[in-house]
Every structure is written in C-alpha cells, then in structure tokens.
Amino acid sequence: MSTNVKSLALIDQIENLPPLPNIVQRILEITESGTSSARDVARVLGEDQIIAAKILRVANSPFFGVQRRVTQISRAVVVLGSIAVRNLVIGVCTRETLAAPGQQQPDHALLWRHSIAVAAACDLIARRIGYDPPEEAFVAGLLHDIGQLAMVTFQPEAFRSVLVGYDASEHFVQLEQSYWGQDHTQVGAKILENWKLPDVLCRVVREHHRQAIQGTDDHARLLALVMLGDVLAHAVGVGFDVSARDSRRARACARFLKMADSQQAPVLASLQLRIQETMQMFDVADARMAEPERPPSKRAVWVSDDKAEPNEVGLLLLERCGYEAQSVTSTTQADDLSHDDLIIIDHPKGASPATELARELAEDGFGKVVVLGEVPEGMSSRQRDSKTGVCIIPRLFTVFDIKWAERKVQQ
Ligand SMILES: [Fe+2]
Ligand SMILES: [Fe+2]
C-alpha cells in the first residue's frame, strides 16, 4: 500500500471519529463566556447524569485530596472550580470517545498511561512555576499524543510495525511521516479541531515536537511545559522511549521556564505518586505502578566537578533504577570504589576532561562507566565508545538510557 493510500485511510478513520458529547461544547461555551457562575456549570452538567456521575467520582479521587466526600455536582463545581471541572469533562469525554475501540491493545494501554503520566507531570510543573490555570496544563498534557492514540486505535498493526523500527536515534515523527505521510502532531491537531476544542490545546498538540519554542507568551510557556512534562514522564519510564532531539529540547524548555534542576527534582520525586492518583482518577489499573518501590541494591557513584549543584534529578532517577547513589567531586572520594559500581561522570563545565577520566577508569578495569554529555544534533541519543566501552547518554537522561547503559556494559 502506498503512503498516499495509507494516509487517506487514516484521514478517513479520523474524520469518522464520533463527536464529543454535546455537553463538552456547552461547558466550553459557558466557561469561556466570562459571565457564567459555578451554578451554570453545575446546571449543564446535571443534564447528563452519566458524565455528572463520572465527574463526581473523579472529584472524590485522591488526586484532589478533598477532605469531605462530595455527593452533589454543584458542590463538586464549587470545590474544584469551573475551570478544573471543564478540563475534567474534556479529559473524561475524550478518553471515552477514543479509548473504547482500542482498549485491548497493549500499545494503546501504554500510550494512555503515558498520556496520564504527562498530564500528571504537567500538573506538577504548572503548580511549581505558577502557571495558571494548572488544569489547562493538565489537559494539554493528557491530549498531547492524541494523534498517536488515534493511530494505534485504528491501525494497531501498522503502528506496531512503525514502532519496531524505532530505536530513539531517529525521531518517531519522521517514521510516522514516512509511513503515513503525516505524523501524530498533525493527526492530533486535526482531531481536536474536529472536536472544536479550544485553539490553545490544538496548538500544543500541533507544535509539541517543534525544534524550538518561539515567543514568550502564555502559549509558549504552555508548550514548553508540555514538552518538559513529556520528557519527565519518559524519565520515569512511562512511554515508548525518548529521542535525543526531545531530550535536548527538554533542557531548553526547562531553561525557558526558568526551572532549575533544584525545581525539577521535587517534581520528579512526587511524579510517581501523582501518576498513580491520576490513574485512579481515570480508573486506569496499572499493576506495575502499584508495585512497592524496591530498596536500592546497587551502587552508583556520581562524579561531578560542579560542587554547587549536584544533579538532583539524575540522582533521583538512579534511585528509581535501584541504585544507591553517592555524589562525589572526584573518584578518590568514593568509599571503596568497586568494579561493580556504576560510575557516572558529569562534568558540565567541559566535556573532554569527562571523556578522559572515563578512559582512564576504563583502562583501570572499571567497566561500568557512563558519561553525561550534550548529544550533538544529528547524533543518536546514546553512544558507546567502541575502544573503551564508555557509554555516553544525555544529561537529562531517562530510565531507558540507564537501562540501555546497563545492557551495554554487561555485553
Ligand atoms: Fe508526541
Ligand atoms: Fe508524548
């Protein structure tokens, strides 16, 4: 089948997606009018008992931490606020419209978990940097990959075949482009336009894999927030994997949002719990997420010449991967450095001394050496020096990068 035919088939499937329930447009109109009250929102919600019951269940979920059980929809609107309710209605209704047909697909389930994890990350980032309203960031995160959800819903086998060719060195959107002649940002924006969802959400979906953030307005902030949330969700391992381009760009987004490492670390620390709460909110079961965290069983030694600012995000991620991480400014400081230790070299001030130190360590028989570096344009997100065996991974690395390095050093 030619790309053209595949593209037309996908467009046809998207055009035939059922519309969102009427109530979504009505709630959007009311909340955008600027003159509506919580009572107006509650009145419209009350007309659809099924959705009202779902919103009530969501309002009582641990995500909102409401002390006393909310039993009336009017109370839910007052407690959560009209904007939060509006976004919940969008979240619940989009999920219902797109989730049902593909629910049995494992890729579909993973993508939903990823969407939920990005929503949770966006919510946490928004609250930390004071983005208002945080619910907008939440719903933008939830919908950002809706184009991929449509692809996997309608063409699960084709999606799998595209995914098989993915190794994070090429960008996933390029593979989608060569298979369907369009990528998930275009497909997703089309869906949201057909559903007449707010333009701010359509733009985020359309632009979330752009190379750079343009402008400094609220839209640019929301876009940067979603791009960073996307990578943080990958960082804790919820997604297919992340390309070098996205990893590099996420660091630029963090700088754009003026979000220092020390601000990202608490987001990452609470992300797992927030993901679980969001999953409960949407009634998504995930046994893997519910697993208690295992105590660390391996040691990582983090060598950084940057005394002022140890990479807290990285240390947290290492803990997630089962490592107890010790932070030092020189390998001589590490207690009984052993050949079993994973040695992470992070010399943010200069890349070449890091590589030199890595080579010396490799020559001394330390086989598990990883260098954190900036991944240059056009390069794969991870590289391995064929002579020394030293692995180079992005500075804002993910659980996937650590797992890759572990596999490589064992080979
Ligand atoms: Fe995406
Ligand atoms: Fe994503």
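Asp 145 bridges the iron ion (ligand 2) and the iron ion (ligand 1), which lie 3.9 Å apart. The model is predicted, and the values below are computed from it. The chain has 411 residues, of which 55% count as buried, and its secondary structure comes to 20 helices and six strands.

**The iron ion (ligand 1)**

- Four residues supply the protein donors of the iron ion (ligand 1): Asp 145 through OD, and His 184, His 208 and His 209 through NE2. These donors lie 2.1 to 2.2 Å from the ion.
- The angles among the four donor atoms of the iron ion (ligand 1) run from 86 to 177 degrees, and the site is irregular.
- Along the sequence, the donor residues of the iron ion (ligand 1) are spaced D-x38-H-x23-H-H. The pair Asp 145 and His 209 links distant parts of the chain, 64 residues apart. Asp 145 is in the loop between helix H8 (134-143) and helix H9 (146-154), whereas His 209 is in the loop between helix H13 (199-207) and helix H14 (218-235).
- Asp 145 and His 209 are both buried.

**The iron ion (ligand 2)**

- The iron ion (ligand 2) has as its protein donors His 114 (NE2), His 144 (NE2), Asp 145 (OD) and Asp 230 (OD). The donors of the iron ion (ligand 2) lie 2.1 to 2.4 Å from the ion.
- The arrangement around the iron ion (ligand 2) is irregular because its four donor atoms subtend angles of 80 to 171 degrees. A tetrahedral site would need all angles between 85 and 135 degrees.
- In sequence, the donors of the iron ion (ligand 2) follow the spacing H-x29-H-D-x84-D.
- His 144 is buried, as is Asp 145.

**The surroundings of His 208**

- His 208, one of the donors of the iron ion (ligand 1), is found in the loop between H13 and H14.
- The relative accessible area of His 208 is 1%, so this residue counts as buried; the cut-off for buried is under 20%.
- The side chains of His 208 and His 209 are joined by a polar contact of 3.0 Å.
- Leaving aside neighbours within four places in sequence, His 208 is in contact with residues including His 144, Asp 145, His 184 and Asp 230. Thr 185, Leu 223, Met 227 and Arg 249 are also among the residues in contact with His 208.

**Helix H8**

- Helix H8 (134-143) comes before the loop that holds Asp 145. H8 is mostly covered, with 10 of its 10 residues buried.
- The buried residues of H8 include Pro 134, Glu 135 and Glu 136, together with Phe 138, Leu 142 and Leu 143. Ala 137, Val 139, Ala 140 and Gly 141 are likewise among the buried residues of H8.

**The chain as a whole**

- Among contacts between residues at least 6 apart in sequence, 70% join residues at least 24 apart.
- The chain exposes about 18200 Å², and carbon and sulfur atoms supply 49% of this area.

**Cysteines**

- The count of disulfides comes to zero, the criterion being a pair of cysteine sulfur atoms within 2.5 Å.
- Cys 93 counts as buried because its relative accessibility is 2%.
- Cys 253 has 0% relative accessibility and therefore also counts as buried.

Conventions
Residues are numbered from 1 along each chain as its sequence is written. Chains are lettered from A and ligands numbered from 1 in the order in which they are written. Side-chain values use heavy atoms; hydrogens and water are left out. Donors are N, O and S atoms within 2.8 Å of the metal (3.2 Å for Na, K and Ca); water is not among the atoms, so sites may look incomplete. Four donors count as tetrahedral if all angles lie between 85 and 135 degrees; four count as square planar and six as octahedral if opposite donors are over 155 degrees apart and all others between 65 and 115; anything else is irregular. Helices (H or I, at least four residues) and strands (E, at least two) are DSSP runs, numbered from the N terminus. Buried means under 20% relative accessible area, exposed over 50%, partly exposed in between (1.4 Å probe, protein chains only). A polar contact is a pair of N or O atoms within 3.5 Å; within protein, one must be able to donate a hydrogen and the other to accept it, and residues adjacent in sequence count only if both atoms are side-chain atoms. Contact means heavy atoms within 4.5 Å. Accessible areas come from the Shrake-Rupley method with a 1.4 Å probe; for residues, only the protein chains shown count as cover.
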